Amino acid sequence: MQNIMVIKQNKNDVEIKDVKPYFEYDNITIYKDDILKISAIPHNSIDLIVTSPPYNVDIHYNSHVDNLTYNDYLEFTKKWIKKCFELAKDDGRFCLNIPLDKNKGGQQSVCADITKIAKDIGWKYHSTIIWNEGNISRRTAWGSFMSASAPYVITPVEVILILYKKNWKKTSGSKKSDITKKEFMDWTNGIWSFSGESKKRVGHPAPFPIELPRRCIKLFSYVGDTVLDPFLGSGTTLIATYLNKRKGIGVDIDKEYCDLAIKRLKQEAQINQNNFNF
Ligand SMILES: C[S@@+](CC[C@H](N)C(=O)[O-])C[C@H]1O[C@@H](n2cnc3c(N)ncnc32)[C@H](O)[C@@H]1O
């Protein structure tokens with residue numbers, strides 16, 4: 001009974017929502033749920049959000065359609081960014097990995113548009129980190145090759161947008177930072193260069209490398225803080241939270257990806273396989 005929450009919307013209307021985690025072990029919690037609908041995570045409880053949402057570039061996810069119209073994509077974006085705003089503490093931070101722009105299916109200023117949406121919702125802007133993946137193999141179209149008629153310019157980087165809810169200065173948490181002098185000096189230079197993750201190695205269509213959440217976690221959170229990834233995918237963020245002694249909460253709509261995240265936590269974070277609470 002302790003995992004069932006009863007929500008009364010009015011006198012005659014009672015909705016019963018199962019809020020049991022899909023997986024729980026030590027400081028790790030995974031929910032197999034829709035981030036737009038989940039009610040299990042309390043409001044004002046999250047210190048840091050690190051995530052990479054679907055990019056709407058027609059990736060074949062198991063349980064998510066990734067080729068919406070751009071307007072519908074921005075509507076979906078509004079909804080989940082608003083949900084994250086509600087879940088964050090007042091000094092909560094948000095590291096959002098998104099494309100700078102997109103070319104496939106028509107050019108769009110994705111980073112600029114999502115930044116505006118987040119600010120309209122109430123998130124405050126801190127900075128933008130450029131992630132140079134060194135990925136030049138994506139280049140497929142030149143437009144009018146060697147002619148000024150209609151050339152295509154493609155910028156092969158992604159960004160990590162850094163936002164905060166109300167106060168940039170952290171007042172909650174353990175006050176314990178575990179970042180080294182070199183890491184601090186290197187990572188506060190907002191051009192980050194490291195390779196992307198292999199889909200094949202991980203078994204997910206769009207994973208990010210662990211270096212991305214690792215840097216965000218060590219730079220922007222204290223030891224013991226609660227970190228949320230609302231689009232958990234293959235579980236990369238939770239591997240980073242576990243290895244860096246933070247509490248990690250992950251949400252993914254797809255059961256297979258939740259199972260993959262658990263498998264990777266066992267293999268790459270050596271979580272104790274005999275002690276699971278399914
Ligand atoms: C870009 S991938 C995240 C990859 C992750 N960073 C990793 O390293 O594996 C986006 C994920 O969002 C999930 N997703 C899509 N819509 C969702 C929703 N409404 N609620 C929760 N998860 C969702 C997809 O199933 C997919 O695994």
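## A tour of helices, sheet and ligand shell

Start by selecting helix 6 and helix 7: they cross in a right-handed way (right-handed when the near helix is turned clockwise from the far one by less than a right angle). Helices here are DSSP runs of H or I with at least four residues, and strands are runs of E with at least two, both numbered from the N terminus. You are looking at a predicted model, where local features need pLDDT of at least 70 and side-chain atom pairs count only at pLDDT 80 or more, while totals for chains, interfaces and linings use all residues. Residues are numbered from 1 along each chain as its sequence is written.

**Stop 1: helix 6 and helix 7**

Helix 6 covers residues 236-243, and its axis comes within 9 Å of that of helix 7, at a crossing of roughly 35° (axes are lines fitted to C-alpha atoms, for helices over the stretch in contact, and angles run from 0 to 180 degrees between N-to-C directions). Show the side chains of L238, I239 and Y242 on helix 6, then those of A261, R264, L265 and E268 on helix 7: these make the contact (C-beta atoms, placed from the backbone, within 7 Å). The contact residues divide into 5 nonpolar, no polar and 2 charged (Ala, Val, Leu, Ile, Met, Phe, Trp, Tyr, Cys and Pro are nonpolar, Asp, Glu, Lys and Arg charged, the others, Gly among them, polar).

**Stop 2: helix 5**

Now add residues 211-220, which form helix 5; helix 5 packs against helix 6 at about 45°, with the axes 8 Å apart. The two are therefore oblique to each other (not under 35 degrees, over 145, or from 65 to 115). Helix 5 also passes helix 6 in a right-handed crossing. Pick out P213, R214 and I217 in helix 5, and you will find them meeting T236, T237, A240 and T241 in helix 6. This contact has 3 nonpolar, 3 polar and 1 charged residues.

**Stop 3: the ligand**

Keep T236 selected and turn to the ligand: T236 is listed among its closest residues, along with P207, F231, G233 and S234. In total, 21 residues surround the ligand (C-beta atom, placed from the backbone, within 6 Å). This shell comprises 11 nonpolar, 7 polar and 3 charged residues.

**Stop 4: the sheet**

Next, colour the strands. Nine of them, in the order 3-4-11-10-5-6-8-7-9, make an open sheet of 9 strands with mixed pairing (paired strands have at least two DSSP bridges between them). Its edges are strand 3 (23-25) and strand 9 (191-193), each pairing on one side only. Neighbouring strands are turned by 15° against each other on average, direction ignored.

Zoom in on strand 10 (226-229) and strand 11 (247-252), which run parallel and are joined by 4 bridges. Select D229 and look across to strand 11: G250 stands opposite. Helix 7 (255-268) packs on the sheet, touching strand 3, strand 4 (28-32) and strand 11, and its direction makes about 165° with that of strand 4.

**Stop 5: helix 2 and helix 1**

Select residues 110-121 for helix 2, which lies across strand 6 (88-99), strand 7 (124-132) and strand 8 (158-164), running at about 165° to strand 6. Finish with helix 1 (70-87), which packs with helix 2 at about 45°, axes 10 Å apart. Their crossing is right-handed. L74, T77, K78, I81, K82 and F85 of helix 1 meet D113, I114, I117, A118 and I121 of helix 2.

Technical notes. Contact = placed C-beta atoms within 7 Å.
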